Amino acid sequence: MSNRTVYLETFGCQMNELDSELVQGQLEALGYRFTEDDARADIVLYNTCSVREQAENKAMSRVGVISQRKREGSAVILGVLGCMAERDGRDMIRRHPQIDLMCGPSELDRLPMLLDNVSRARLSEHAQRLSLDERVALAGKRSRRSKALAAAEDSLEILDLSRAFNPDLDAKSGGRSAYVRITRGCNKFCTYCVVPNTRGAEVHRPPDEIVEECRQLAERGVIEVTLLGQTVNHYRYTHGTALAEGGREVAQVGPSLNAFRTGRFENPNGRATTFADLLQRIHDEVPGIQRLRFVTSYPRDFGDDILEVIAGSPRICPYLHVPAQSGSNRMLKLMNRGYTIEEYYEFIDRAVRLVPDVSIAGDIIVGFPGESDNDFAATVELLRSVPFKNNFIFKYSPRPDTAAITRFEDDVPDEVKRERNNILLAVQAEVSEAVHARWVGRKVDVLVEQVSKRDQHRVPNAAAASPHPGSVALTTEGRALRAPESATKELSGDASPSFAMPSIQLSGRTAGDLITFFDSPAGIDPTSLIGTIQKVRIHESGVLSLNGSLTRGHERRS
Ligand code: SAM
Ligand code: SF4
């Protein structure tokens, strides 16, 4: 067992946040302790992102600071994890000799071994003699080589599963919210994107293991699960093909985009678990999960079967993050997205028709090579035509080893990218404002996440407030409840305050992921509401959020 202290910082997406959570759980189980202060850590780890150059630059500047500390005599161990390690490969450690170890996203189960190698070499003062193999774990081209190999080597599965069984690991939103991976990697090869190279082949986890992980999380008090994958609606697990020892199903490599070009994604003889089946199973078999979300959806092959399951299941959030990337067919083709903008519009129409109150978010890339004023105008039209609650807007960033960087010149000047970015932000602000305004006067369920930034200084330890599952919280009646059962608390009219507390602003999210602010009732410890679902009546709306007040009594979404 190690008693060393680790500082771990995460860059980029939710997938990285989950990886960091798993790394932390794995290292804590081995006795490592975690600190928020890099200056006090024996080990500094950066879990990096390569999707855009800016994210890489940020991570490298942190690496620079620690490297300087090491040159000045610090004995800290410096590790680079994640996509940047995978993308840059061993060259990174050669160029930056202060980096002690590197670990790609598909090799995180080997991190304890790398740390052990480096620590032991330090003790014996043989650090200089450690070979690269002893301090670098990268998949290289291996993770894409063959279906059988990728599945057989899927020891990462154990890492995902271990989290649900680690009782000490806290999750988000007061321990009530957690990510669950359903697929890893990606086979789509959009021309601008590093993910298929850095995270390897698309691997689909067996449905029984996903459902079991959700069940374990629910038992620990988690009420919101977000399923993660690069293109979640393409999840599909074919039964009866690859079985590991003892009949246990193992992860499977998914098909490429070409497999979807022929039309509907069939399920011959019902031998597969589709994404719709998976959602239905989690919803029905784990009722403790009161909010089931999923990101990211792919705009093609999102069948009515999935939309109908969402519409018919009260605990599945009517929220779709479904990036269009561009409104221009010419750009979509050059990006190798595999759909036309007409197909995108058709999907949105179906989603709006079949799922009441559906909330839609997306991603857009501006300044992709060759993007003309007309192409850009089509993207502006897209933003004006779809009721997007928000869009993440990115300036195209040429990435090493992608098809776009080799095939196309990055010919849209940076000032044009910036101007287009600003125009889209302004258009999206108008659209977001209109989407939020539709909720004024209505009652919504809000999963309370935190004391709002505005009021954090008024509540001691508000930023860290998180009733751990199993801990005791007070209801408005002053009754003590254990956290898992108190997830939906009733606020009665004749609340008798247990201690004097001014009204404090709290924030949370609706089922459709709209940020909502409301005041806690005076006399109630506001942090006791974190991690619960409350009914809020909306009075006001803005570009980014809703404002309301708690209603008396509680109703579930039906
Ligand atoms: N798998 C998801 C999909 O296809 O919609 C998205 C995953 S990607 C990690 C997140 C977002 O980053 C993409 O939707 C895209 O908008 C953006 N992105 C990816 N590569 C980019 C690049 N080279 N330059 C700018 N934005 C990029
Ligand atoms: Fe990247 Fe495209 Fe895969 Fe999304 S679908 S991760 S953008 S290659």
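Where in the chain is Arg90 found? In this predicted model, Arg90 occupies the loop between α3 (83-88) and α4 (91-95). The relative accessible area of Arg90 is 31%, so the residue is classed as partly exposed. When residues up to four places away in sequence are not counted, Arg90 touches Leu132, Asp133, Val136 and Leu138. Leu101 follows 11 residues along the chain, and the C-alpha atoms of Arg90 and Leu101 are separated by 9.9 Å.

The protein has 558 residues, and buried residues make up 56% of them. Its secondary structure comes to 18 helices and 24 strands. Among contacts between residues at least 6 apart in sequence, 75% join residues at least 24 apart. The accessible surface amounts to about 23,700 Å², and carbon and sulfur atoms account for 49% of this area.

The largest nonpolar core contains 66 residues. Those that touch the most other members are Leu227, Phe275, Leu279, Phe294, Leu320 and Tyr344. Another core, of 30 residues, lies apart from the largest one and includes Val23, Leu101, Leu115 and Ala361. Within the largest core, Phe294 may be taken as an example. With neighbours within four places in sequence left aside, Phe294 is in contact with Thr226, Leu227, Val232, Phe275, Leu279, Phe302, Ile310, Ile316, Tyr319 and Leu320. Leu227, Phe275, Leu279 and Leu320, which are among these contacts, are also listed with Phe294 among the core residues that touch the most other members.

Ligand 1 is surrounded by 16 residues, of which Gln230, Gln325, Arg337, Asp363 and Ser397 come nearest. By class, this shell comprises 7 nonpolar, 4 polar and 5 charged residues. Strands β16 (359-366) and β17 (388-395) each contribute at least two residues to the shell. Polar atoms of the protein approach ligand 1 at several points. A polar side-chain atom of Arg337 is placed 2.9 Å from an oxygen atom of the ligand. Backbone N or O atoms are involved at two nitrogen contacts: one from Ser397 lies 2.8 Å from a nitrogen atom of ligand 1, and one from Tyr192 lies 3.0 Å from a nitrogen atom of ligand 1. Taken alone, ligand 1 exposes 570 Å², and the protein buries 92% of that area.

The surroundings of ligand 2 consist of Cys186, Lys188, Phe189, Cys190, Tyr192, Cys193, Val195, Pro196, Gln230, Thr231, Tyr298 and Arg337. This shell divides into 8 nonpolar, 2 polar and 2 charged residues. Gln230 and Arg337 thus appear around ligand 2 and also among the residues nearest to ligand 1.

Strand β16 includes Ser359. Ser359 counts as buried because its relative accessible area is 6%, under the 20% limit. Not counting residues up to four places away in sequence, Ser359 touches Pro318, Tyr319, Leu320, Lys389, Gly512 and Leu514. Asn421 lies in helix α18 (residues 414-437). At a relative accessible area of 12%, Asn421 is likewise buried. Outside its neighbours within four places in sequence, Asn421 is in contact with Val366, Ile393, Phe394 and Lys395.

Some features of the backbone geometry were also examined. Most residues other than glycine have a negative phi, and most peptide bonds are trans. The peptide bond from Val295 to Thr296 is cis, with omega near 0 degrees. Thr296 belongs to the loop between β14 (291-295) and α13 (304-312). A positive phi, near 55 degrees, occurs at Phe189. This residue is placed in the loop between β8 (183-184) and α10 (195-198) and is one of the residues around ligand 2. Phe189 has a relative accessibility of 36% and therefore counts as partly exposed. Asp513 also has a positive phi, near 70 degrees. The position of Asp513 is in the loop between β21 (505-509) and β22 (515-519). In contrast to Phe189, which is partly exposed, Asp513 is buried, with a relative accessible area of 13%.

Terms used. Residues numbered from 1 in each chain as written. Chains lettered and ligands numbered in written order. Predicted model: local features only at pLDDT ≥ 70, side-chain atom pairs only at ≥ 80, totals over all residues. Heavy atoms only, no water. Near = heavy atom within 4 Å. Polar contact = N/O pair within 3.5 Å; in protein donor to acceptor, adjacent residues only side chain to side chain. Areas by Shrake-Rupley, 256 points an atom, 1.4 Å probe, with all protein chains shown as cover. Helix = DSSP H or I, 4+ residues; strand = E, 2+ residues; numbered from the N terminus. Nonpolar A, V, L, I, M, F, W, Y, C, P; charged D, E, K, R; others polar. Core = buried A, V, L, I, M, F, W, Y, C linked by side-chain atoms within 4.5 Å. Buried < 20%, exposed > 50% of the residue type's maximum accessible area, 1.4 Å probe, protein only. Contact = heavy atoms within 4.5 Å.
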